[in-house]
Amino acid sequence: MMHRFAYLYGLIGRFDLRALLHDLSFKGITLSNPVNGRVTALTPDGDQAEITLDMLIAAVSSRDPITFQLWMPGHADICCRFRYLGDNRLVEEYSFVGLHQDERTHILNVLAERFSAKAEQEEQLFFVGDPEGYSIDVNWDELALAGKYEPKLCPELLGVPVQRLIDFDRCRANSYEYTRIGKYLMLRNNLSQVEISQTD
């Protein structure tokens with residue numbers, strides 16, 4: 001579906017769509033198209049279909065996978081998809097396809113902040129941000145739970161539990177820095193423009 005992306009894995013029971021949209025709106029990312037006010041889902045063929053916030057909430061409540069659009073100033077859109085793994089995990093997928101460098105940097109900053117805020121109070125989180133698509137062939141659904149990262153090229157950002165740092169030694173050894181956030185570590189390419197909140 002997407003070659004430039006970010007995935008945030010978390011527990012379904014801790015997911016709050018209204019809170020997510022509220023937080024994003026303060027960063028200039030909205031559910032409604034700023035030009036015409038439309039709220040749109042995307043069909044499997046990529047066509048727009050008008051929906052309402054209530055319809056989106058209902059889809060999340062019934063755990064139906066759904067793909068929709070978020071909007072940035074300048075009419076740039078972000079393809080967002082929610083899907084579910086097993087009985088308790090939700091995956092937030094954000095596509096950076098079609099975005100300019102500064103737009104990719106902005107949304108990656110916003111998502112890094114979201115992970116940092118959730119990391120202080122939630123369990124079983126995992127985050128990967130890869131705006132260049134280096135790791136598109138990695139099975140992140142499996143790696144989010146267990147396994148070792150083997151590819152030579154690493155994504156720009158990784159948010160992992162502290163005890164899993166050894167699984168990402170390849171990335172840590174390749175010019176990556178890491179920041180402690182509660183029970184998690186955020187690994188990032190030290191040449192990136194992404195700002196990460198740090199907590200003790």
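# Exercises on side-chain pairs

A polar contact of 2.8 Å joins the side chains of Gln69 and Gln48. This pair belongs to a predicted model, and the exercises below start from it.

**Exercise 1. Describe the surroundings of Gln69: which strand holds it, and is Gln69 buried or exposed?**

Solution. The residue is first placed in the fold: Gln69 is part of strand S4. Its relative accessible area is 5%, and as buried means under 20%, Gln69 is therefore buried. Besides the contact with Gln48, the side chain of Gln69 also makes a polar contact of 3.0 Å with that of Asp77. When neighbours within four places in sequence are left aside, the residues in contact with Gln69 include Leu31, Thr40, Leu42 and Ile78.

**Exercise 2. Classify the ring pair of Phe68 and Phe82, and then that of Trp140 and Tyr149, from the distance of their centres and the angle of their planes.**

Solution. A search of the whole structure gives eleven aromatic pairs. For Phe68 and Phe82 the ring centres are 5.2 Å apart and the planes stand at 65 degrees; planes over 60 degrees apart count as edge-to-face, so this pair is edge-to-face. The two residues come from distant parts of the chain, with Phe68 in strand S4 (residues 66-71) and Phe82 in strand S5 (residues 77-85), 14 residues apart, and both are buried.

For Trp140 and Tyr149 the centres are 5.7 Å apart and the planes are at 25 degrees, so the pair is stacked. Trp140 is buried at a relative accessible area of 2%, and Tyr149 is buried too, at 1%. Ring pairs also place Trp140 and Tyr149 in a cluster together with Phe5, Tyr7, Tyr9, Phe126 and Phe168.

**Exercise 3. Find which cysteines are joined by a disulfide, and say where in the chain they lie.**

Solution. The structure holds one disulfide, and the residues that it joins are Cys154 and Cys171, with an S to S distance of 2.2 Å. The angle about the S-S bond is -95 degrees, and the link is left-handed. Cys154 lies in the loop between helix H4 (140-143) and strand S8 (157-161), whereas Cys171 lies in helix H5 (residues 169-173), so that distant parts of the chain, 17 residues apart, are linked. Cys154 is buried, with 9% relative accessible area, and Cys171 is buried at 0%. Cys79, by contrast, is in no disulfide, since the nearest cysteine sulfur, that of Cys80, is 7.5 Å away, and a disulfide needs the sulfur atoms to lie within 2.5 Å.

**Exercise 4. Examine the salt bridges of Asp54 with Arg18 and of Glu93 with Arg83: which elements do they connect, and are the residues buried or exposed?**

Solution. There are 13 salt bridges in the whole structure. The side chains of Asp54 and Arg18 form one of them, at 3.9 Å from N to O. Because Asp54 lies in helix H2 (residues 53-61) and Arg18 in helix H1 (residues 17-25), this pair ties together parts that are 36 residues apart in sequence. Asp54 is exposed, with a relative accessible area of 52%, while Arg18, at 49%, counts as partly exposed.

In the salt bridge of Glu93 and Arg83, the closest N and O atoms are 2.3 Å apart. Glu93 lies in strand S6 (residues 89-95) and Arg83 in strand S5, ten residues apart, and both residues are buried. The last step looks beyond the pair: Glu93 and Arg83 are linked with Arg81 and Asp141 in a network of salt bridges.

Notes: Residues numbered from 1 in each chain as written. Predicted model: local features only at pLDDT ≥ 70, side-chain atom pairs only at ≥ 80, totals over all residues. Heavy atoms only, no water. Phe/Tyr/Trp six-rings, centres within 6.5 Å; stacked < 30°, edge-to-face > 60°. Helix = DSSP H or I, 4+ residues; strand = E, 2+ residues; numbered from the N terminus. Buried < 20%, exposed > 50% of the residue type's maximum accessible area, 1.4 Å probe, protein only. Polar contact = N/O pair within 3.5 Å; in protein donor to acceptor, adjacent residues only side chain to side chain. Contact = heavy atoms within 4.5 Å. Salt bridge = Lys/Arg side-chain N within 4 Å of Asp/Glu carboxyl O.
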